Amino acid sequence: MTKVWDDPVVGGVFVGMGTDSRDQLRQKNKNLLYFNTGGLCQKINRPLELTHRDLGITDKEFDIVANHLAATLKEFNVPKREYEEVMAKIGKLQPY
Ligand code: HEM
């Protein structure tokens, strides 16, 4: 998540979040990822359409965040098949 917070375009919406809030956001995203890929974790996030409401997220901003995730998956050498599965699921979140 540090890639997102440090990003020059989208980082601004996270300014002012303390360490605990950042830790929670990170954990919620981990659980969401594990849940969506058949892991044992339960989702602990509120619905994204609620959390993201009124942020006015543009397609460009969405792509920036998705690309940070893609970069992280590559850093961890996630195999091609799993990488593509995850990114396909993330793409479906785009309306939110
Ligand atoms: C890959 C797409 C994305 C995913 C999977 C995602 C996931 C999440 C999750 C799980 C939460 C926590 C919800 C909760 O508190 O219960 C969240 C919150 C949030 N997201 Fe996203 N998000 C995505 C894209 C974006 C984008 C593009 C932006 C803005 C540029 C954004 C801005 C935020 C903000 C500001 C919060 C609230 C942080 C807080 O105050 O707690 N997200 N997101």
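1. In this predicted model, 19 residues surround the ligand, and K28, N29, N45, R46 and H52 come nearest, where a residue counts as near if one of its heavy atoms lies within 4 Å of the molecule. By class, this shell has twelve nonpolar, four polar and three charged residues.

2. Three polar contacts (pairs of N or O atoms within 3.5 Å) can be described individually. The side chain of K28 places an N or O atom 2.8 Å from an oxygen atom of the ligand, a polar backbone atom of R46 is 2.7 Å from an oxygen atom of the ligand, and a polar side-chain atom of H52 lies 2.9 Å from a nitrogen atom of the ligand.

3. The ligand lies between domain 1 (17–46) and domain 2 (55–96), because both give residues to its shell; α2 (19–36), α3 (48–51) and α4 (59–75) each supply at least two shell residues.

4. The ligand sits in the largest pocket, meaning that more than half of its atoms lie within 2 Å of the grid points. A pocket here is an open set of points on a 1 Å grid over the protein atoms alone, where a 1.4 Å probe fits, with protein on both sides within 12 Å along at least five of seven lines; lining residues have an atom within 4 Å of a point. About 1800 Å³ of space lies in this pocket, and of its 48 lining residues M1, L25, N29, L32 and V65 lie nearest its centre.

5. Residues are numbered from 1 along each chain as its sequence is written. Local features need pLDDT of at least 70, side-chain atom pairs count only at pLDDT 80 or more, totals for chains, interfaces and linings use all residues, and side-chain values use heavy atoms, leaving out hydrogens and water.

Notes. A polar contact is a pair of N or O atoms within 3.5 Å; within protein, one must be able to donate a hydrogen and the other to accept it, and residues adjacent in sequence count only if both atoms are side-chain atoms. Helices (H or I, at least four residues) and strands (E, at least two) are DSSP runs, numbered from the N terminus. Ala, Val, Leu, Ile, Met, Phe, Trp, Tyr, Cys and Pro count as nonpolar, Asp, Glu, Lys and Arg as charged, and the others, Gly among them, as polar. Domain bounds come from an automatic or database domain assignment. Grid points are joined across faces, edges and corners, and a volume is the space filled by probe spheres set on the points.
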